[in-house]
Amino acid sequence: MIQIEAAGLVIRIENRYDYVKNLCREYLTDENRTPDITVAVTEEEIRKEIEKAPECFFGDGYAEGVVVYEKISNALPKYDAFVMHSSVVAVNGEAYCFAAESGTGKSTHTRYWKEVLGDKVTVINGDKPIYRFQNDQLLAYGTPWCGKENWQTKTSAPLKALCLLERGEENAIYPVDAFEMLAELSHHFHLPGGGQVDMPKLMDLIDRMVTIVPVYRLRCRNDVSAAQEAIRYFNLEEE
């Protein structure tokens, strides 16, 4: 058993394998603290997860880690929080989120921000950050579940902008009506079936997010100029 702290929540994980402990080593916290969330995974659940796509798993511990985070995600709406499949960076104390379908290039775009801004940018999480409302702000938090690049930082920042990425022959960024984009946005949220998550509460959180966080369409060429375009748009070069 381990306990971690993520997004300001104490999470007890009744893990079976050391993989999860090693994955979460930077987030470990005192095991005597009272947990907000407790998760445990059965061997049957591990087997079912592997059966979904056996070529994608690297042992039982890895599969346990996948199921653990799914269960954590299911519990988050109770605490005004949710997981969104995205990459999120912090510049000057504010977070910028990039959401896209797998293979579109959000990791590549994040890498270009690192190339342009260097030490001015911190990657909070490269794949599955937690977003949580705190004091009328939506904060992006690092988590151990961060994609193959292993980009994560145990930190948080208020979300300044959400960018929906798509590939294009020319770079362009412009604001969009977030409520018109809800169908597209929904693909990036953790939305399990079978009543495993409080869907009305989660949808309320999504509505709150798009009410207070500007949403942008970011069309990108597959080179560093796409990041340069977005960074200029947000006036980050001059700060």
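# Worked exercises on a predicted model

Arg47 sits in helix α2 (residues 43-52); helices here are DSSP runs of H or I with at least four residues, strands are runs of E with at least two, and both are numbered from the N terminus. This is a predicted model, in which local features need pLDDT of at least 70, side-chain atom pairs count only at pLDDT 80 or more, and totals for chains, interfaces and linings use all residues. Residues are numbered from 1 along each chain as its sequence is written, and side-chain values use heavy atoms, with hydrogens and water left out.

## Exercise 1: Arg47

Task: find how exposed Arg47 is, and which side chain it joins in a polar contact.

Solution. Start with the scale: buried means under 20% relative accessible area, exposed over 50%, and partly exposed in between, with a 1.4 Å probe and protein chains only. Arg47 has a relative accessible area of 33%, so it is partly exposed.

Next, look for a polar contact, meaning a pair of N or O atoms within 3.5 Å; within protein, one must be able to donate a hydrogen and the other to accept it, and residues adjacent in sequence count only if both atoms are side-chain atoms. The side chain of Arg47 makes such a contact with the side chain of Asp60, at 2.6 Å.

Finally, try a pair of C-alpha atoms: Arg47 and Trp113 are 66 residues apart in sequence and 39 Å apart in space.

## Exercise 2: the first hairpin

Task: describe how β1 and β2 pair, and then examine the backbone of Ala7.

Solution. Take strand β1 (residues 2-6) on its own: four of its five residues are buried, so the strand is largely enclosed by the rest of the structure.

Now add strand β2 (residues 9-14). Two strands pair if DSSP finds at least two bridges between them; β1 and β2 have five, in the antiparallel sense. At one position, Ala6 stands opposite Leu9 of β2.

Then turn to the two residues between the strands of this hairpin. Ala7 lies in that loop and has a positive phi of about 55°, although it is not a glycine. With a relative accessibility of 3%, Ala7 counts as buried.

For contrast, visit Asp136, in the loop between β8 (130-134) and β9 (137-141). Asp136 also has a positive phi without being a glycine, at about 65°, but its relative accessible area is 71%, so Asp136 is exposed.

## Exercise 3: the strands around β10

Task: list the partners of strand β10 (residues 156-167), with the sense of each pairing.

Solution. Begin with β6 (residues 94-99), which pairs with β10 in the parallel sense over five bridges. Ala95 has Leu159 of β10 as its bridge partner.

Continue with β9, which runs antiparallel to β10 and is joined to it by three bridges. Here Ala140 is matched with Ala157.

Finish with β12 (residues 215-220), parallel to β10 and joined to it by six bridges. Glu166 has Arg219 of β12 as its partner.

As a check across the strands, pick Cys97 in β6. Its relative accessible area is 0%, so Cys97 is buried. Cys97 and Ala140 are 43 residues apart in sequence, yet their C-alpha atoms are 8.6 Å apart.

## Exercise 4: the largest pocket

Task: work out what lines the largest pocket, and which element gives the most to that lining.

Solution. First, fix the terms. On a 1 Å grid over the protein atoms alone, a pocket is an open set of points where a 1.4 Å probe fits, with protein on both sides within 12 Å along at least five of seven lines; lining residues have an atom within 4 Å of a point. The volume of the largest pocket is about 810 Å³, counted as the space filled by probe spheres set on the points, which are joined across faces, edges and corners.

Second, go to the lining: of its 30 residues, Val66, Tyr69, Asp127, Lys128 and Trp145 are the closest to the centre. The elements giving two or more residues are α1 (18-23) and α3, and α3 gives the most, with six.

Third, look at Ser73, which is placed in helix α3 (residues 60-75). At 6% relative accessibility, Ser73 counts as buried, and a polar atom of its side chain lies 2.7 Å from the backbone oxygen of Tyr69.
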